[in-house]
Amino acid sequence: MSIKQAYDKSNIIIAASKKSDDFVEITIRDHGSGFDKKQIEVLLKPEKLINSALSFEDKNLYLGINISKGIIENLQGILKIESEHKKGSCYTFYFPAGEKV
C-alpha cells in the first residue's frame with residue numbers, strides 16, 4: 001500500500017517494536033500522496049467503495065487496504081491509519097504478543 005503511493009526518491013520507514021507484554025506494534029510510514037479524512041472513511045468501509053467515484057487504480061489501492069485490514073483483524077490485530085493529503089500516510093498495526101518460548 002505505501003510503496004506504490006510513495007513519491008519517487010522518498011523514504012518509506014518500517015518499524016516494529018514490542019510495546020508491552022500484551023502487544024506488538026508495526027508501523028509503515030510514507031511520504032506519498034496521502035488521504036484526506038473523507039477518503040479514509042471510504043478506505044475502511046468497503047461498501048462505500050463500490051459506489052464511489054474513485055478511479056480503477058484508487059479502488060485497487062483501497063481494496064488492498066481492506067484485504068490487509070481483514071487479515072490483521074483475523075489475527076486479532078488492529079489497523080490504525082493516519083494520513084495527510086499530499087504529505088503521506090502512517091499505517092500502524094497492533095498484534096497480540098505471542099507467548100515467550
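Mentor: A nonpolar core is a set of buried Ala, Val, Leu, Ile, Met, Phe, Trp, Tyr and Cys residues joined through side-chain atoms within 4.5 Å. Keep in mind that this is a predicted model.

Trainee: Okay. Which residues touch the most other members of the largest nonpolar core?

Mentor: That core has 14 residues. Phe 35, Leu 43, Ile 65, Leu 79, Ile 81, Tyr 91 and Phe 93 touch the most other members.

Trainee: Which elements give two or more residues to it?

Mentor: Two helices and two strands: H2 (37-43), H4 (56-74), E3 (78-84) and E4 (88-96). H4 gives the largest share, four residues.

Trainee: Back to Phe 35. What does Phe 35 touch?

Mentor: Leaving out residues up to four places away in sequence, its contacts include Leu 43, Ile 65 and Tyr 91. Ser 83, Glu 84 and His 85 are also among them.

Trainee: New topic. Where is Thr 27?

Mentor: Thr 27 sits in strand E2, residues 23-29.

Trainee: Is Thr 27 buried or exposed?

Mentor: Buried, because its relative accessible area is 14% and the cut-off is under 20%.

Trainee: And what does Thr 27 touch?

Mentor: Beyond four places in sequence, Thr 27 touches Ile 13, Ile 14 and Ala 15. Cys 90, Tyr 91 and Thr 92 are its other contacts. Tyr 91 touches Phe 35 as well.

Trainee: Now Gln 76. Where is that one found?

Mentor: Gln 76 is in the loop between H4 and E3. Gln 76 counts as exposed because its relative accessibility is 63%, and exposed means over 50%.

Trainee: What separates Gln 76 from Pro 96?

Mentor: They are 20 residues apart along the chain, with 6.9 Å between their C-alpha atoms.

Key
Residues numbered from 1 in each chain as written. Predicted model: local features only at pLDDT ≥ 70, side-chain atom pairs only at ≥ 80, totals over all residues. Heavy atoms only, no water. Buried < 20%, exposed > 50% of the residue type's maximum accessible area, 1.4 Å probe, protein only. Contact = heavy atoms within 4.5 Å.
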